[in-house]
Amino acid sequence: MSTMLHKLSKEMGIKESELVSQSVKAYIRSELGKIESQLYLLYHKYKIKSIQELEHAIEKGEVVESDVLDDLTKIDYLESEKIKMMNFFRDVR
(Lines give C-alpha, C1' and ligand atoms only; values in the text may rest on other atoms or scores of the structure.)
Protein backbone atom coordinates (compact mmCIF):
# COMPACT_ATOMS: atom_id res chain seq x y z
CA MET A 1 0.00 0.00 0.00
CA SER A 2 2.72 2.50 0.88
CA THR A 3 4.47 1.82 -2.43
CA MET A 4 1.29 2.70 -4.30
CA LEU A 5 0.79 5.78 -2.12
CA HIS A 6 4.38 6.84 -2.75
CA LYS A 7 4.06 6.37 -6.53
CA LEU A 8 0.75 8.23 -6.66
CA SER A 9 1.98 11.15 -4.57
CA LYS A 10 5.11 11.42 -6.70
CA GLU A 11 3.07 11.26 -9.92
CA MET A 12 0.62 13.88 -8.67
CA GLY A 13 3.33 16.07 -7.19
CA ILE A 14 1.85 16.25 -3.69
CA LYS A 15 3.00 15.01 -0.31
CA GLU A 16 1.83 11.57 0.80
CA SER A 17 0.26 13.07 3.93
CA GLU A 18 -1.74 15.52 1.79
CA LEU A 19 -2.88 12.70 -0.49
CA VAL A 20 -4.04 10.67 2.49
CA SER A 21 -5.80 13.67 4.01
CA GLN A 22 -7.61 14.50 0.77
CA SER A 23 -8.55 10.84 0.28
CA VAL A 24 -10.04 10.64 3.77
CA LYS A 25 -11.99 13.85 3.18
CA ALA A 26 -13.35 12.49 -0.11
CA TYR A 27 -14.40 9.26 1.60
CA ILE A 28 -16.15 11.15 4.40
CA ARG A 29 -17.96 13.39 1.87
CA SER A 30 -19.12 10.28 0.05
CA GLU A 31 -20.41 8.70 3.25
CA LEU A 32 -22.14 11.94 4.24
CA GLY A 33 -23.84 12.01 0.85
CA LYS A 34 -25.17 8.49 1.37
CA ILE A 35 -26.43 9.35 4.85
CA GLU A 36 -28.09 12.57 3.69
CA SER A 37 -29.74 10.70 0.81
CA GLN A 38 -31.24 8.16 3.17
CA LEU A 39 -32.39 10.91 5.53
CA TYR A 40 -33.96 12.82 2.64
CA LEU A 41 -35.98 9.78 1.60
CA LEU A 42 -37.21 9.19 5.14
CA TYR A 43 -38.02 12.87 5.71
CA HIS A 44 -39.84 13.02 2.38
CA LYS A 45 -41.83 9.89 3.27
CA TYR A 46 -43.29 11.64 6.32
CA LYS A 47 -43.17 15.19 4.90
CA ILE A 48 -40.88 16.34 7.71
CA LYS A 49 -37.59 18.23 7.96
CA SER A 50 -36.24 16.76 11.19
CA ILE A 51 -36.62 13.91 13.64
CA GLN A 52 -38.19 16.39 16.05
CA GLU A 53 -41.04 16.99 13.60
CA LEU A 54 -41.75 13.25 13.45
CA GLU A 55 -41.64 13.01 17.23
CA HIS A 56 -44.02 15.98 17.43
CA ALA A 57 -46.40 14.29 14.98
CA ILE A 58 -46.37 11.21 17.22
CA GLU A 59 -47.09 13.32 20.30
CA LYS A 60 -50.00 15.03 18.53
CA GLY A 61 -51.39 11.67 17.46
CA GLU A 62 -50.97 12.42 13.75
CA VAL A 63 -48.77 9.35 13.39
CA VAL A 64 -48.90 6.09 15.34
CA GLU A 65 -45.53 5.45 16.97
CA SER A 66 -45.64 1.70 16.39
CA ASP A 67 -46.16 2.35 12.66
CA VAL A 68 -43.05 4.53 12.36
CA LEU A 69 -40.79 3.07 15.04
CA ASP A 70 -38.39 1.40 12.58
CA ASP A 71 -38.02 4.58 10.55
CA LEU A 72 -37.73 6.71 13.69
CA THR A 73 -34.92 4.47 14.91
CA LYS A 74 -33.23 4.62 11.50
CA ILE A 75 -33.48 8.41 11.39
CA ASP A 76 -31.99 8.66 14.86
CA TYR A 77 -29.11 6.37 13.85
CA LEU A 78 -28.47 8.23 10.60
CA GLU A 79 -28.49 11.60 12.37
CA SER A 80 -25.88 10.36 14.85
CA GLU A 81 -23.76 8.94 12.02
CA LYS A 82 -24.03 12.26 10.18
CA ILE A 83 -22.75 14.13 13.23
CA LYS A 84 -19.92 11.63 13.65
CA MET A 85 -18.88 11.98 9.99
CA MET A 86 -19.04 15.77 10.18
CA ASN A 87 -16.79 15.69 13.26
CA PHE A 88 -14.34 13.37 11.47
CA PHE A 89 -14.32 15.72 8.49
CA ARG A 90 -13.60 18.69 10.75
CA ASP A 91 -10.74 16.82 12.43
CA VAL A 92 -8.98 15.73 9.21
CA ARG A 93 -6.05 18.02 8.50
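This report walks through surface patches, salt bridges and a few single residues in a predicted model.

## The negative patch

Let's start on the outside. Four acidic residues, Glu55, Glu59, Glu65 and Asp76, make up a negative patch on the surface. Helix 3, which covers 51–59, and helix 4, which covers 65–91, are the elements that each give two or more residues to this negative patch.

Take Glu65 as one of the patch members. Glu65 sits in helix 4. How open is Glu65, then? Glu65 has a relative accessible area of 44%, so Glu65 falls in the partly exposed class.

## The nonpolar patch

There's a patch of another kind too. Leu8, Met12 and Ile14 come together as a nonpolar patch on the surface, and their accessible area together is about 250 Å².

Leu8 belongs to helix 1, which spans residues 2–12. With a relative accessible area of 40%, Leu8 is partly exposed.

## Salt bridges: a link between two helices

How many salt bridges does a search of the whole structure find? The search turns up six of them. One is between Lys82 and Glu36, where the closest N and O atoms are 3.8 Å apart. Lys82 is in helix 4 and Glu36 is in helix 2 (residues 16–46), so this pair ties together parts that are 46 residues apart in sequence.

And how open are the two partners? Lys82 has a relative accessibility of 22%, so it counts as partly exposed. Glu36 also counts as partly exposed, at 38% relative accessibility.

## Salt bridges: pairs with little sequence between them

Another salt bridge joins the side chains of Lys84 and Glu81, with 3.0 Å from N to O. Where do Lys84 and Glu81 lie? Both are in helix 4, three residues apart, which is about one turn of the helix. Their surroundings are worth a look: Lys84 is partly exposed, with a relative accessible area of 36%, while Glu81 is buried, with a relative accessible area of 15%. The cut-off for buried is under 20% relative accessible area, so Glu81 lands in that class.

Arg90 and Asp91 form a salt bridge as well, and their closest N and O atoms are 3.3 Å apart. Arg90 is exposed, with a relative accessible area of 56%. Asp91 is partly exposed, with a relative accessible area of 44%.

## An unusual backbone angle

Now for a bit of backbone. Most residues other than glycine have a negative phi. Lys47 isn't a glycine, yet Lys47 has a positive phi, near 55°.

Where does Lys47 lie? You'll find Lys47 in the loop between helix 2 and helix 3. Is Lys47 buried or exposed? Lys47 counts as exposed, at 74% relative accessibility.

## Two buried residues

Leu32 is a good one to click on in helix 2. At 12% relative accessibility, Leu32 counts as buried. Which residues does Leu32 touch, not counting residues up to four places away in sequence? The answer is Lys82, Met85 and Met86. Lys82 may ring a bell, since Lys82 is the salt-bridge partner of Glu36. For a sense of distance, the C-alpha atoms of Leu32 and Lys7 are separated by 29 Å, and these two residues are 25 residues apart along the chain.

Ala57 is found in helix 3. Ala57 is buried too, with a relative accessible area of 10%. If residues up to four places away in sequence are not counted, Ala57 touches Glu62 and Val63. The C-alpha atoms of Ala57 and Asp71 are separated by 14 Å, with their positions 14 residues apart along the chain.

## Putting it together

Helix 4 keeps turning up on this tour. Helix 4 gives residues to the negative patch, holds Lys82 of the bridge to helix 2, and contains both Lys84 and Glu81. Helix 2, for its part, is home to Glu36 and to buried Leu32.

Methods
Residues numbered from 1 in each chain as written. Predicted model: local features only at pLDDT ≥ 70, side-chain atom pairs only at ≥ 80, totals over all residues. Heavy atoms only, no water. Patch = residues over 30% accessible without salt bridge, like charges linked within 9 Å, V, L, I, M, F, W, Y side chains within 5 Å. Areas by Shrake-Rupley, 256 points an atom, 1.4 Å probe, with all protein chains shown as cover. Lys, Arg positive; Asp, Glu negative; His and termini not counted. Charge placed at Lys NZ, Arg CZ, Asp CG, Glu CD. Helix = DSSP H or I, 4+ residues; strand = E, 2+ residues; numbered from the N terminus. Buried < 20%, exposed > 50% of the residue type's maximum accessible area, 1.4 Å probe, protein only. Contact = heavy atoms within 4.5 Å.
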